[in-house]
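Hi,

Here is the structure I promised to pass on. Have a look at it first, and my notes follow underneath.

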Amino acid sequence: MAKIYRDNDVDVSVLNGRKIGVIGYGNQGRAQALNIRDSGFPPMIGNRDDEYKSRAIEDGFAVRPIREVAKEAGIILLLIPDEVQPQVYEEQIKPYLRPGEVLCFASGYNVYYKAIVPPAGIGAIMVAPRMIGRAVRNLYQERLGFPCLVAAENDPDGQAMRIAWALAKAIGATRLGAFESSFREETVIDLFAEQMLWPGIIKLCLLYFEKLVANGCDPEIVTTELHLSGEFVEIAKAMITHGFFGQLKLHSQTSQYGQLSRADRMAPAELLAQIDKAIEDVSSGKFHAEWVKEQKAGKPNMSRLWRRALEHPLVQSEAKLDALREIVARSYEGRSQGP
Ligand code: NAI
């Protein structure tokens, strides 16, 4: 089993005297910058002129152009969207990198697919929270922490990995636990979920809706049953408190038998072949090549897919239930962790 690093396993003194620059002040940028500052290592923020820059200024940071931060910082956290990273890196960061400096990614994506190839003398590390930015901040403030994957692709002077662990602690991850991983593992785990698990769940939910409505059930009752009631969320939470299968005990015997006896039927050979294709597309870079091509073409397929999704009768049914949805959503907002 991979070792789980907690606060006591990590020494942050390797950050002393090093200038930390956070490029980007969005989901992860804001959360990580605030946490690192509260951990005693105030970072510089590099951001283009946009609303994120204003937010960083409101939070009390001095914000500078990206290339200036790249020039000055010895540790650079690249926290802008993966799609724009390669160009920003080439134009505004790479020309200013000096041997011994460290570039930190929050995802393995661009390095694994070689869209960014950090120079040999530069430390290339990954500190990838398995958590949305908002919760990265809130869990830090609650002293709870969150899981995180940590890796070094280049470690020319043996310091890069130590810096990665120190950053994982400074953003609050090791309060819960951080795993040693790799750029490849993080990328494959992430994209395989996005291209196998979640699409499978989306499709099954739509088929559930379509089949029941075709069988004469009321679309709004089906929509409520499907996700609006919040039961889906409760089941997911119970998987944490009672275990993946243990949560089944919270359901009736009829439900337990139905679920356990039918699960295997939901994976016929054709689906297994699609699952093999998905892992192959992710591992080989085939999906990445397709996505780059799609972006260069102005995302025509993405627009078409979005249009088709929003035309589904489930969306119309959801709209009719807006008042109910808002009440359930408010109750979850109240129970989740703030803005
Ligand atoms: P984001 O979409 O919130 O990034 C917004 C920031 O990017 C803003 O500061 C904006 O000024 C800057 N930006 C956008 N386009 C730009 C451009 N063309 N040139 C310069 N700056 C630009 O990004 P997010 O979601 O925080 O992702 C950052 C990294 O964190 C990515 O590598 C992502 O994979 C990773 N990550 C994100 C998670 C999340 O919660 N969204 C979870 C874990 C990892």
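**Strand 5 and its neighbours**

Strand 2 (residues 20-23) and strand 5 run parallel, with 4 bridges joining them. Please keep in mind that this is a predicted model. Within that pairing, Gly-21 sits opposite Ile-76 of strand 5.

Strand 5 also pairs with strand 6 (residues 102-105), again in the parallel sense and over 4 bridges. Here Leu-77 is the residue that stands opposite Cys-104 in strand 6. If you follow the chain from strand 5 through helix 4 (residues 85-93) to strand 6, you trace a right-handed β-α-β unit.

What about the two faces of strand 5, which spans residues 75-78? Side chains in a regular strand alternate between the two faces of the sheet. In this one, Ile-75 and Leu-77 are on one side, Ile-76 and Leu-78 are on the other, and all of them are buried, so both faces are covered.

**Ile-23, over in strand 2**

Ile-23 belongs to strand 2. Is Ile-23 buried or exposed? Its relative accessible area is 0%, and since anything under 20% counts as buried, Ile-23 is buried. Leaving aside residues up to four places away in sequence, Ile-23 touches several residues of strand 5, namely Ile-76, Leu-77 and Leu-78. Its other contacts are Gly-46, Ile-66, Val-69, Leu-79, Ile-80 and Ile-93. For a sense of scale, Ile-23 and Asn-215 are 53 Å apart in space, C-alpha to C-alpha, and 192 residues apart in sequence.

**How the two domains meet**

The domain assignment splits the chain into domain 1 (4-181) and domain 2 (186-229 + 263-336). Their C-alpha centres lie 31 Å apart. On the domain 1 side 14 residues take part in the contact, and on the domain 2 side 13 residues do.

Between them, domain 1 and domain 2 bury an area of about 1100 Å², and carbon and sulfur atoms give 51% of that. Which residues of domain 1 lose the most area to domain 2? They are three tyrosines, Tyr-109, Tyr-112 and Tyr-113, which together make up 51% of what the domain 1 side buries.

There are some charges in play as well: 2 salt bridges turn up across this interface. On the subject of salt bridges, Arg-130 forms one with Asp-190, where the closest N and O atoms are 3.3 Å apart.

Cheers

Methods: Residues numbered from 1 in each chain as written. Predicted model: local features only at pLDDT ≥ 70, side-chain atom pairs only at ≥ 80, totals over all residues. Heavy atoms only, no water. Buried < 20%, exposed > 50% of the residue type's maximum accessible area, 1.4 Å probe, protein only. Pairing = 2+ DSSP bridges. Right-handed = clockwise from strand over helix to strand, strands pointing away. Domains from an automatic or database assignment. Contact = heavy atoms within 4.5 Å. Buried area = accessible area lost by both parts, 1.4 Å probe. Salt bridge = Lys/Arg side-chain N within 4 Å of Asp/Glu carboxyl O.
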